[in-house]
Amino acid sequence: MDYTVNDQTINADEEGYITDISTWSIDLAGTIAETENIDMGDDHWEVVNFLRDYYEEYQIAPAVRVLTKAVKKSLGPEKGNSKYLYELFPYGPAKQACKIAGLPKPTGCV
Amino acid sequence: MEDFEDNEFDGPIKKFMYVNRKAPYGTVYALEGLEVVLITAAFDQDVCLVFVDDGVFQIKKDQETTGINMKNFSPTYRALEGYDVEKIYVEKESLESRGFSEDDLVIPVEILSSAEISELMDAQDVIVTF
């Protein structure tokens, strides 16, 4: 399931995760979000950027439990909870937000 | 609703030990072993990790992998704390015979003698070696 952004084809796997993280761009994130029916606002971007920072530091996409805990630590308890994150990304914050962030499918998401 | 993804698990808690014996690259054992640890960390078991023999190379600082065209996954060991895997042991003899000290490692560990690791192994319910 490849994406087309600015006349360029970006390769993705059958679930929509891009295969090469270096092909990610903000425009691509918008395109992936559209296919996920997510209307990206500042709160969505905050989580997506958080995930990209997490990946940069640890080289993995976190499991949802770990993401929730890390968001709580860094952005506070009003954002670091399941309800808030699932409202932003109804099909799963780790799965959907990771896909939009250009990360692989989270480790521990079986 | 609040905690529905938290995998509440009511079964008995077992003591799991993952033993890492091999160098990080050249075989797939180290990376696969790390993934197994991260995945099973979701099941609320009593988990510890041990690095012995060439396994100590897995957590050596300053790994440079561009020459072998592999991803340097050593930063991922630093994510273990976030996965609540906090009992990490290194065998003293393996570390010293390779000329390393605790300062050469990417994560804080507890250094135990070979005899102490044996005792710890005796206390486990499950031991998985990679």
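**Helix packing in chains A and B**

Helix α2 (residues 42-58) of chain A packs against α5(A) at an angle of about 80 degrees, and their axes lie 9 Å apart; these axes are lines fitted to C-alpha atoms, for helices over the stretch in contact, with angles from 0 to 180 degrees between N-to-C directions. The structure is a predicted model, in which local features need pLDDT of at least 70 and side-chain atom pairs count only at pLDDT 80 or more, while totals for chains, interfaces and linings use all residues. Residues are numbered from 1 along each chain as its sequence is written, and chains are lettered from A and ligands numbered from 1 in the order in which they are written. Helices (H or I, at least four residues) and strands (E, at least two) are DSSP runs, numbered from the N terminus.

The helices α2(A) and α5(A) are therefore roughly perpendicular to each other, a term for angles of 65 to 115 degrees, whereas those under 35 count as roughly parallel, those over 145 as roughly antiparallel and the rest as oblique. In this packing, A:Val47, A:Val48, A:Leu51 and A:Arg52 of α2(A) meet A:Pro93, A:Ala97, A:Cys98, A:Ile100 and A:Ala101 of α5(A), contact being defined by C-beta atoms, placed from the backbone, that lie within 7 Å. By class, this contact has eight nonpolar residues, no polar ones and one charged one, where Ala, Val, Leu, Ile, Met, Phe, Trp, Tyr, Cys and Pro count as nonpolar, Asp, Glu, Lys and Arg as charged, and the others, Gly among them, as polar.

Helix α1 (residues 26-35) of chain A has the buried residues A:Leu28, A:Ala29, A:Ile32 and A:Ala33 (buried means 20 or more other C-beta atoms within 10 Å of the residue's own, exposed 12 or fewer, and partly exposed in between). These residues cover an arc of only 140 degrees around the axis, which puts them on the same side of α1(A); the arc is that of the directions from the helix axis to the C-beta atoms. The buried residues of α1(A) pack against β1 (3-5), β2 (8-10), α2 and α5 of chain A.

In chain B, the buried residues of α1(B) are B:Ala30, B:Gly33, B:Leu34, B:Val37 and B:Leu38. Seen down the axis of α1(B), they fall within an arc of 135 degrees, so they line one face of the helix, and they pack against β1 (15-20) and β2 (46-51) of chain B.

Outside these buried faces, A:Tyr91, in the loop between α4 (82-88) and α5 (93-101) of chain A, is exposed, with 12 other C-beta atoms within 10 Å.

Definitions and conventions: Contact = placed C-beta atoms within 7 Å.
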